[in-house]
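Welcome to a short set of exercises. Look at the structure below, try each task yourself, and then walk through the solution.

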Amino acid sequence: MEEKAQTLALSLHLSADRSSKHLEYSKWKRSPYKHQSNVICSFLRLDLLPAKNGEEVTKHFLQELLNILLAYISKSLNRSSKVLDFHHPHQLKEGLEGFSLELQDQPDNLEQLLVDCQDTLKYGVKTAHPCFFNQLSTGLDIIGLAGEWVTSTANTNIFTYEIAPVFILMEDIIFKKMHSIIGWSEKEGDGIFCPGGTMSNLYSVLLARYHFFPRVKTAGMLALPPLALLTSTHSHFSIKKSAAVLGIGSESVFLVKCDERGKMIPKELESSIRTAKSKGLVPFYVNATAGTTVYGAIDPLNDIADICERFGLWMHVDAAWGGGLLLSKRHRMKLQGIDRASSITWNPHKMMGVPLQCSVILVQKKGLLQECNQLCAEYLFQPDKHYDVSYDTGDKSIQCGRHVDIFKLWLMWKAKGSEGFESQVNHCLENAEYLYYKLKSRKDFQLVFQSQPEHSNVCFWYLPTSVRNMPPGPERDRELHMVAPKIKAKMMEEGMTMIGYQPLGDKVNFFRCVFSNPATQKEDVDFLLDEITRLGRELYS
Ligand code: ABU
């Protein structure tokens with residue numbers, strides 16, 4: 001509460017008489033007492049622009065908001081502050097220290113709105129914190145944040161050049177850059193920004209299906225034979241989801257076996273293709289993953305491309321997570337063969353640290369996105385406009401309205417150059433290597449697989465002494481399965497760090513640590529291990 005009072009010391013205060021507010025505000029601005037928090041001003045949303053003389057109040061309100069945001073950012077990066085202040089859903093619903101989620105008929109004043117903004121951040125999770133390891137998207141790039149602010153201020157849609165001229169050209173520039181990084185020729189390549197990797201993967205299935213069966217767009221499912229898709233057992237669930245959404249059916253997705261590191265086995269792919277055919281299905285699409293969600297495994301792209309070529313199949317590469325590695329001379333070799341893909345998902349909001357959300361689907365065949373999705377709505381895409389309407393790119397999308405996700409990426413690229421992204425990626429993988437070698441040397445931890453990770457995912461178990469002393473077998477597995485959830489629960493209650501866990505295949509619950517935050521240093525990795533050990537000892541002593 002004290003913190004709130006300090007941050008809001010200069011903020012707006014409520015008065016009963018709304019008609020005198022502007023006068024009151026200008027008097028308050030000139031007042032020698034303006035730094036005292038007991039000066040009463042009363043302002044509501046209607047006093048902000050576009051209200052007459054609303055500039056001052058608007059400026060003051062936004063400056064106060066900026067102070068709140070700056071305080072939050074500093075706190076997020078302060079290692080001695082918590083990553084989260086956890087409360088159960090019922091506690092937040094009931095309201096905490098005056099923070100209420102309920103909505104009333106009467107408007108709240110601007111001071112209350114500022115307090116609400118502050119509380120929303122307070123009870124959220126500081127994903128920029130150097131000890132937040134829970135998700136693939138972490139960190140907070142200040143230039144990216146500035147980009148998002150500019151984007152929100154511009155508040156435009158990105159379907160036509162006429163309302164988003166600069167953003168549309170920026171998209172074009174970034175797509176060309178990404179195509180050249182992938183290794184596609186200048187004549188090839190297209191793309192569209194999507195709301196997340198799942199949507200990018202959905203596009204890939206949609207495009208592949210249209211490429212082979214263009215009648216599907218108008219005739220629907222009647223134009224299709226029974227189809228089959230192939231993807232690895234470690235791949236993202238969005239491939240199955242896409243099959244379900246597109247009416248192909250999740251049962252038509254064949255899950256191809258992986259090796260112990262989570263990489264698709266090419267021979268198994270071939271055999272799954274033959275199995276699908278023998279069942280009367282028509283395989284048309286293979287998803288290869290460059291950076292699986294849990295292990296960070298990269299499928300053998302060239303081998304998969306050979307098989308796709310031989311069977312005449314569409315090859316998609318889900319590089320939502322791994323795409324960022326292409327920016328590093330040290331690591332890009334791991335994605336050799338990606339240039340042979342027909343389509344690629346790449347999430348700059350993951351490894352490249354662009355603020356959420358920023359995801360693309362890149363397509364090798366120019367024009368396919370447009371052909372597949374265009375419906376030529378006459379109120380948006382008039383062909384007789386006075387400019388080159390090929391820049392009205394919105395009809396490539398399955399959406400109509402789209403958030404502008406390009407600007408923050410473009411601005412970050414300007415600020416860092418490709419070299420800045422490269423060192424960011426290298427730094428994250430160095431952290432992963434550091435953790436890997438630390439774990440290798442410890443008896444109270446066990447790596448899920450022994451070889452060095454290809455990406456920045458490091459998967460491991462914490463072994464309490466009681467578990468360490470048990471012989472391998474189902475009883476030990478049962479015990480070990482409970483360790484990560486118990487530690488995670490206590491970790492969240494205490495709030496100093498955050499890491500994810502999951503079971504996978506025949507492996508019981510294990511921790512997955514991922515690095516994508518440039519703010520994370522080796523001391524944070526040490527802290528994570530110390531915390532897990534401390535919490536583990538407390539729970540299992
Ligand atoms: N598949 C999207 C994000 C997954 C993760 O952050 O763990």
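**Exercise 1.** Which unit do β3, helix α10 and β4 make?

Keep in mind that you are working with a predicted model.

*Solution.*
- Start with the pieces: helix α10 covers residues 238-245.
- Next, look at how the strands pair: β3 and β4 (residues 253-256) are parallel and share 4 bridges. Within this pairing, Thr231 stands opposite Leu255.
- Put together, β3, α10 and β4 form a right-handed β-α-β unit.

**Exercise 2.** Work out whether strand β3 (residues 227-232) is enclosed or open.

*Solution.*
- Check one side of β3: Leu227, Leu229 and Thr231 are buried.
- Turn to the other side: Ala228, Leu230 and Ser232 are buried as well.
- Since 6 of the 6 residues are buried, β3 is largely enclosed by the rest of the structure.
- For its pairing with β5 (residues 282-289), find the 4 bridges that join these parallel strands; Leu229 has Tyr285 as its partner there.

**Exercise 3.** Test whether the length of helix α5 (residues 110-122) agrees with what you would expect from 1.5 Å a residue.

*Solution.*
- The expected span for the 13 residues of α5 is 18 Å.
- The end C-alpha atoms of α5 are 18 Å apart, so the two values agree.
- Now visit the N-terminal end of α5, which Asn109 caps: a side-chain oxygen lies 3.0 Å from the backbone nitrogen of Glu111.

**Exercise 4.** Find out what the salt bridge between Glu454 and Lys263 ties together.

*Solution.*
- The contact between these two side chains is 2.7 Å, N to O.
- Glu454 sits in the loop between β9 and β10, and Lys263 in the loop between β4 and α11, so the pair ties together parts that are 191 residues apart in sequence.
- With a cut-off of under 20% for buried, Glu454 at 14% counts as buried, and so does Lys263 at 16%.

**Exercise 5.** Trace the salt-bridge network that includes Glu538.

*Solution.*
- Begin with Glu538 and Lys490, whose closest N and O atoms are 2.9 Å apart. This pair links helix α17 (residues 522-540) to helix α16 (residues 474-494), across 48 residues.
- Move on to Glu531 and Arg534, which form a salt bridge with the closest N and O atoms 2.9 Å apart. They are 3 residues apart in α17, so about one helical turn separates them.
- Compare their surroundings: Glu531 is buried at 7%, whereas Arg534 is partly exposed at 31%.
- The network links Lys490, Glu494, Glu531, Arg534 and Glu538.

Conventions
Residues are numbered from 1 along each chain as its sequence is written. This is a predicted model: local features need pLDDT of at least 70, side-chain atom pairs count only at pLDDT 80 or more; totals for chains, interfaces and linings use all residues. Side-chain values use heavy atoms; hydrogens and water are left out. Buried means under 20% relative accessible area, exposed over 50%, partly exposed in between (1.4 Å probe, protein chains only). Helices (H or I, at least four residues) and strands (E, at least two) are DSSP runs, numbered from the N terminus. Two strands pair if DSSP finds at least two bridges between them. A crossover is right-handed if, with the strands pointing away from the viewer, the path from the first strand over the helix to the second runs clockwise. The expected span of a helix is 1.5 Å times one less than its number of residues. A polar contact is a pair of N or O atoms within 3.5 Å; within protein, one must be able to donate a hydrogen and the other to accept it, and residues adjacent in sequence count only if both atoms are side-chain atoms. A salt bridge is a side-chain nitrogen of Lys or Arg within 4 Å of a carboxyl oxygen of Asp or Glu.
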